[in-house]
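Reader: Could you take me on a close look at how the helices pack and pair in this model? I would enjoy one connected walk through the contacts, with the reasoning spelled out.

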Amino acid sequence: MMEDIEHIVIRKLSLRLLPVLILGYLVAFIDRSNIGFATLTMGPQLGIGPAAFGFGSGLFFVAYVLFEVPSNLAQERFGARLWIARIMITWGLAGLAMVAVCGPISFSLARFLLGAAEAGFFPGVILYLSQWFPSTHRSRIVALFMISIPLSNVVGSALSAMLLALDGVWGLKGWQWLFLLESLPAIVLGLLVPFVLADRPDQVRWLTEAEREWLTKALAAERGTAQGGHGRAWKVIADRRIWALALIYCGSSATSNVLSLWQPQIIKSFGLTLWETALLNMLPFAAATGFMVFWGYRADIRGSRIGATAAPLLVTSGALFLTLVTHALVATMALLVVVLMANYALKGPFWALSSETLGARDAAAGLAAINAIAHLGTSGVNTLFGVLQERSGSFAIALLPLALLTLAGCGMTLWLGKSRRQPA
């Protein structure tokens, strides 16, 4: 009977909560990564070269870091329903500001504002999911939520190519139409969120009394046995577990974001048209979308968060290193498919591992701190990528920092697994 209730509750939660969260993150990542396609025409028109593009894109993550932990703490105070809506509306408005970019300086400022506006959405949703779903289901739930990232590149590639073709309509450049039309959905979704989400399980009517009771007890039992309990943000940030988890995620975050921004340029460097670039750009992300859901389910069934995180990091690193020895389009695309499949696969198990490692009392500040520190590294890697590519003329050399960072993350994951097995 308890198994039946558990199955019913998880199904209801998934159907009620996940669609709007997945759609929200899909829109967020389209708004974040559409600059990768926009710069194919915007860069030459406005004089934004690889180094300037890398620096401006990196400022997005600097702002993200500065505002992420305060945003998650504010969510605990004001409630997820209103705070997530606020984030969506403000990042939609910041996305609209990209239409007015006129050079490298305004480009950098606009990217900083977008990062500040979006800060807190991802860790806020991870925190929100941990307050609704028991840990035994969390890897697959997080993986389902995070299919938004690769899926956004599948949808965004075709959409961006279509919008760039509007160049000259009503006096606007194609890249201006891209930012204009891809920013509006965030504002619309933000207005709908308060009517769709609830802050706590006891506020919803679509769970029966027995279902609410089971869920409340399951979540309370986890809070009672969870590790951690520092409670204050400064103590959480000083915790070595935070820094270990941040280093692990830094390689994955940097790989996701760098390839979202730069992969269209990598592919187009083989002399392809805009539409050919868009179609090929979709392939690695499409493969990653399905595989990350499979890997999240596998991680929950086997219960091995460490192995399910370490193995994809190792594969990601190896495939990135191999880009140094190939200069053919087919081989490069095959390696990019492997890189993104492995890189996205680890995200569900990693965030489940982080929630379990930190415990309920440290989760709000802890999850945001992990994401913030990791994105600080992402900012540096993205800036370095632009500099290396401009000076060397080689995308493969520019990918080397990602290969090294993901390899370091694999080693840190194994260390964390060993330390978790040792008695306190």
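Author: Happy to. One cut-off comes first: a residue counts as buried when its relative accessible area is under 20%, as exposed when it is over 50%, and as partly exposed in between. Please keep in mind that this is a predicted model.

With that cut-off, let us start at glutamate 118. Its relative accessibility is 1%, so glutamate 118 counts as buried. Its partner is arginine 32, and the two form a salt bridge whose closest N and O atoms are 2.6 Å apart. This pair ties together distant parts of the chain, since arginine 32 belongs to helix H1 (residues 2-33) and glutamate 118 to helix H5 (residues 104-118), with their positions 86 residues apart. Arginine 32 has a relative accessible area of 2%, so arginine 32 is buried as well. In general, side chains of opposite charge can pair when their charged atoms come close.

By the salt-bridge rule, the count for the model is 4. Another of these joins glutamate 211 to lysine 12, with 2.9 Å between the closest N and O atoms. Here too distant parts of the chain are linked: glutamate 211 sits in helix H10 (residues 209-225) and lysine 12 in helix H1, 199 residues apart. The two ends differ in cover. Glutamate 211, at a relative accessible area of 8%, is buried, whereas lysine 12, at 22%, is partly exposed.

Helix H10 also holds a salt bridge between lysine 217 and glutamate 213, where the closest N and O atoms are 3.1 Å apart. These two residues are 4 apart within H10, which means that about one helical turn separates them. The general background is that an α-helix has 3.6 residues a turn, so residues three or four places apart point the same way. Lysine 217 is exposed, with a relative accessible area of 54%, while glutamate 213 is partly exposed at 43%.

Now to the packing of helices against H12. A pair of packed helices is described by the angle between their axes and the distance between the axes. Helix H2 (residues 35-46) and helix H12 (residues 240-268) have axes that come within 7 Å and cross at roughly 50 degrees. That angle makes H2 oblique to H12. On the H2 side the contact involves Ile35, Gly36, Phe37, Thr39 and Leu40, and these meet Ser260, Leu261, Pro264, Gln265 and Lys268 of H12. Sorted by class, the residues of this contact are 5 nonpolar, 4 polar and 1 charged.

Helix H3 (residues 50-78) also packs on H12, at an angle of about 155 degrees and with the axes 11 Å apart. An angle over 145 degrees counts as roughly antiparallel, and H3 and H12 are therefore described as roughly antiparallel to each other. The crossing of H3 past H12 is right-handed. Pro50, Phe53, Gly54, Ser57 and Phe61 of H3 meet Asn257, Leu261, Trp262 and Gln265 of H12. This contact has 5 nonpolar and 4 polar residues, and no charged ones. Leu261 and Gln265 appear in the contact with H2 and again in the contact with H3.

Pro50 brings us to a further neighbour. Glutamine 389, which lies in helix H17 (residues 363-392), is in contact with Pro50, Ser394, Phe395 and Ala398, leaving aside its neighbours within four places in sequence. With a relative accessibility of 12%, glutamine 389 counts as buried.

Helix H7 (residues 138-146) is mostly covered, with 8 of its 9 residues buried. Among them are Arg138 and Arg140, along with Ile141, Val142 and Phe145.

Two loop residues finish the walk. Cysteine 102 is in the loop between helix H4 (80-97) and H5, and its relative accessible area of 60% makes it exposed. The C-alpha atoms of cysteine 102 and glutamine 45 are 9.2 Å apart in space, though the residues are 57 apart in sequence. Tryptophan 170 is in the loop between helix H8 (148-164) and helix H9 (174-196), and counts as exposed at 77% relative accessibility. Its phi is positive, about 55 degrees, although tryptophan 170 is not a glycine. For context, most residues other than glycine have a negative phi.

Definitions and conventions
Residues numbered from 1 in each chain as written. Predicted model: local features only at pLDDT ≥ 70, side-chain atom pairs only at ≥ 80, totals over all residues. Heavy atoms only, no water. Axes fitted to C-alpha atoms, helices over the stretch in contact; angles between N-to-C directions. Parallel < 35°, antiparallel > 145°, perpendicular 65-115°, else oblique. Contact = heavy atoms within 4.5 Å. Nonpolar A, V, L, I, M, F, W, Y, C, P; charged D, E, K, R; others polar. Left-handed = near helix turned anticlockwise from the far one by under 90°. Salt bridge = Lys/Arg side-chain N within 4 Å of Asp/Glu carboxyl O. Buried < 20%, exposed > 50% of the residue type's maximum accessible area, 1.4 Å probe, protein only.
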